[in-house]
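Student: I would like a close look at a single part of this structure, namely the surroundings of the bound ligand. Please describe them in one connected account.

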Amino acid sequence: MRIVVLAGGIGGARFLRGLKRAAPDADITVIGNTGDDIHLFGLKVCPDLDTVMYTLGGGINEEQGWGREDETFRVKEELAAYGAGPEWFGLGDRDFATHIVRTQMLDAGYPLSAVTEALCDRWKPGVRLIPMTDDRVETHVAVAPADGDGERRVVHFQEYWVRLRAAVPAEAIVPVGAEQSKPAPGVLEAIAEADVILFPPSNPVVSIGTILAVPGIREAIADAGVPVVGLSPIVGDAPVRGMADKVLAAVGVESTAAAVAAHYGSGLLDGWLVDTVDADVVGRVEEAGIRCRAVPLMMTDVDATARMAREALALAEEVRGA
Ligand code: GDP
Ligand code: CA
C-alpha cells in the first residue's frame, strides 16, 4: 500500500511514528512543510523537515518534540557573547551540524529535495521525505499594531510563533513565494500513485495549509481519486498543544474539530477523525459530505498513535467501499 502524508512538525512526526507501526509494510511518502524555514547565522534551517527526520530517525528530544536529544548550546552562547542573535530561536550544537551540511549542499547547487534525501541517508526515517517545494516559500504573519505605535508589522512565522508566542493577534498569514513555487520533484507523482492520502493532526493553516498553497498540490489531491482522510488537531475546542487556535482565528476558522473539517472541505477530504470528546460533531461533519468517526486522538505513546493510524486507514477503506 502506498500512503502519502502531508506533514508539519511535531504533530505530523508523532503521527508518522504511529503510522509506521500500524502499517509496517506500507510505502510511505511524506510531503513536508517548508513554510517555517528560516535563515539564521547564514544557515538554512528547516524546522518541520528536521522534526520529521529526527523523530523517525530516533534523534529527537522526546520531551520537547523538536531539536536533538542530549543537546548542548555552546555555539549559541558563543554567538550571544558576540551579540549575534536572535537569542529566541533554540539552535543546539548537534542541530547546527544538520544546518551546516544542508547549507553547504544548497550553496553547491543541490535542490532542497536532494539535500533532504542526503540528510535522510544518515537518519533512515523509514519513509520517503520530500519537501513540498524546492523553491523558497516563507510564511509571514501580519500582526496587529502594539498599543501606541499604531504600526502594523509583518514578521517571519518563527518570530510570531517562537518570540511572540502567538500572543499578539494575527491579522493575516501569508505564505510568501507560494504562488510562484512548484511542487518538488516526486510530489505530484507520489500523490498520483497513492492508494491513500492522510492529513495527520498537523496545523491546518501553517503546516498543511502551506503545503496546499503550492500550486498543483491541492488539485492533485482532490483529483487523485483515492480516499483522503484527516485527523483533527483540535480536541475539545482547543489545540492539543501549541497555538493553532491563533492562526485559525486569523483565517476566520473556529477552533473546533468540525470547523477545521469544513475548512478543508468535502472537495478535499473524504473522511475525518475527531476525538471521542467531540463525538457530538460527527453528524454535522457528515452533513457536510465528509464521513466522520469519533475515536481517541491523543498521541500519548506510539501504541495509542498506531491505533489512531489504524482508524484512519479503516475509515479510508470504508470511504473506498462506499
Ligand atoms: P508543528 O509544525 O511542530 O507545529 O507541528 P504540526 O503542524 O505537525 O502539528 C501541530 C498540531 O499537532 C497542533 O495543532 C496540535 O494541536 C496537534 N497535536 C499535537 N499533539 C497531538 C495529539 O496528541 N493529538 C492530536 N489530535 N493533535 C495533536
Ligand atoms: Ca511547523
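Tutor: The account below begins with the ligand and its shell and then turns to two features of the backbone. The model is a predicted one, and every value that follows is computed from it.

Ligand 1 sits in the largest pocket. The shell around ligand 1 holds 20 residues, and the closest of them are Pro 201, Ser 202, Ser 207, Leu 297 and Met 299. By character, this shell divides into 10 nonpolar residues, 8 polar ones and 2 charged ones. Among the elements of the fold, helix H1, which spans residues 10-22, gives the most to the shell, with 3 residues.

Polar contacts to the protein backbone can be listed atom by atom. A polar backbone atom of Asn 203 is found 2.8 Å from an oxygen atom of ligand 1. At Val 240, a backbone N or O atom lies 2.9 Å from an oxygen atom of the ligand. Leu 297, already named among the closest residues, has a polar backbone atom 2.7 Å from a nitrogen atom of ligand 1. Ligand 1 taken alone exposes 600 Å², and the protein buries 91% of that area.

Two backbone features complete the description. Most residues other than glycine have a negative phi, and most peptide bonds are trans. Asp 70, in the loop between helix H2 (47-57) and H3, has a positive phi, near 50 degrees. The peptide bond from Gly 85 to Pro 86 is cis, with omega near 10 degrees.

Pro 86 itself belongs to the loop between helix H3 (74-81) and helix H4 (93-107). Leaving aside residues up to four places away in sequence, Pro 86 touches Leu 40, Phe 41 and Lys 76. Pro 86 and Arg 163 stand 77 residues apart in sequence, while their C-alpha atoms are 9.4 Å apart in space.

Note on methods: Residues numbered from 1 in each chain as written. Chains lettered and ligands numbered in written order. Predicted model: local features only at pLDDT ≥ 70, side-chain atom pairs only at ≥ 80, totals over all residues. Heavy atoms only, no water. Near = heavy atom within 4 Å. Polar contact = N/O pair within 3.5 Å; in protein donor to acceptor, adjacent residues only side chain to side chain. Areas by Shrake-Rupley, 256 points an atom, 1.4 Å probe, with all protein chains shown as cover. 1 Å grid on protein atoms, 1.4 Å probe; cavity = no way out; pocket = protein on both sides within 12 Å on 5 of 7 lines; lining within 4 Å. Sits in = over half its atoms within 2 Å of the grid points. Helix = DSSP H or I, 4+ residues; strand = E, 2+ residues; numbered from the N terminus. Nonpolar A, V, L, I, M, F, W, Y, C, P; charged D, E, K, R; others polar. Contact = heavy atoms within 4.5 Å.
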